[in-house]
Amino acid sequence: MSKKKFEVGEQESIEECLNRMKQAGYTPIKRMEKPIFQEVKNGNETIYEPIGRKIVFEGQLMK
């Protein structure tokens with residue numbers, strides 16, 4: 001079984017990413033989300049604020 005990861009682009013919808021996977025011959029088997037943080041310094045204190053997320057699909061080659 002061949003697997004490949006597909007990341008949802010910055011200007012791409014989830015549906016567009018899934019269509020891109022299908023055109024490449026892959027079917028999604030797993031969805032992963034990772035938060036993206038920004039470091040904000042407030043005096044001596046450092047705070048990490050969430051500013052977005054990265055979505056990655058793992059696809060398996062269709063037969």
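**Exercise 1. Find which residue of β3 is the bridge partner of Y26, then work out how the strands are arranged.**

Step 1. Start at Y26: its bridge partner in β3 is L61. Strands here are DSSP runs of E with at least two residues, helices are runs of H or I with at least four residues, and both are numbered from the N terminus.

Before going on, a word on the model: it is predicted, so local features need pLDDT of at least 70 and side-chain atom pairs count only at pLDDT 80 or more, while totals for chains, interfaces and linings use all residues. Residues are numbered from 1 along each chain as its sequence is written, and side-chain values use heavy atoms, with hydrogens and water left out.

Step 2. Look at the whole pair. Strand β2 (residues 26-42) is joined to β3 by 16 bridges, and the two run antiparallel. Two strands count as paired if DSSP finds at least two bridges between them.

Step 3. Check the turn of this hairpin. There are 2 residues between β2 and β3, and G43 takes a positive phi near 70 degrees.

Step 4. Now go to β1 (residues 3-7), which has 5 bridges to β3 and also runs antiparallel to it. Here E7 stands opposite V56 of β3.

Step 5. Put the strands together. You get an open sheet of 3 strands, in the order β1-β3-β2, with antiparallel pairing. The edge strands are β1 and β2, each of which pairs on one side only. On average, neighbouring strands are turned by 25 degrees against each other, direction ignored. For such angles, axes are lines fitted to C-alpha atoms (for helices, over the stretch in contact), and angles run from 0 to 180 degrees between N-to-C directions.

**Exercise 2. Describe the surroundings of E58 and decide: is E58 buried or exposed?**

Step 1. Place the residue: E58 lies in strand β3 (residues 45-61). Its bridge partner is K5.

Step 2. Add the helix. Helix α1 (residues 14-23) packs on the sheet and touches β1, β2 and β3, its direction making about 30 degrees with that of β3.

Step 3. List the contacts (heavy atoms within 4.5 Å). Leaving out residues up to four places away in sequence, E58 touches K3, K4, K5, M21, T27, P28, I29, K30 and M32.

Step 4. Decide. The relative accessible area of E58 is 14%, so E58 is buried. The cut-offs are under 20% for buried and over 50% for exposed, with partly exposed in between (1.4 Å probe, protein chains only).

**Exercise 3. Which residues are linked with E33 in a network of salt bridges?**

Step 1. Know the rule: a salt bridge is a side-chain nitrogen of Lys or Arg within 4 Å of a carboxyl oxygen of Asp or Glu. The structure holds 4 of them.

Step 2. Try R31: it forms a salt bridge with E33, the closest N and O atoms being 2.6 Å apart.

Step 3. Try R53: its side chain meets that of E33 in a salt bridge too (3.1 Å, N to O). This pair links distant parts of the chain, with R53 in β3 and E33 in β2, 20 residues apart.

Step 4. Join them up: R31, E33 and R53 are linked in a network. R53 counts as exposed because its relative accessibility is 52%, whereas E33 is partly exposed at 41%.
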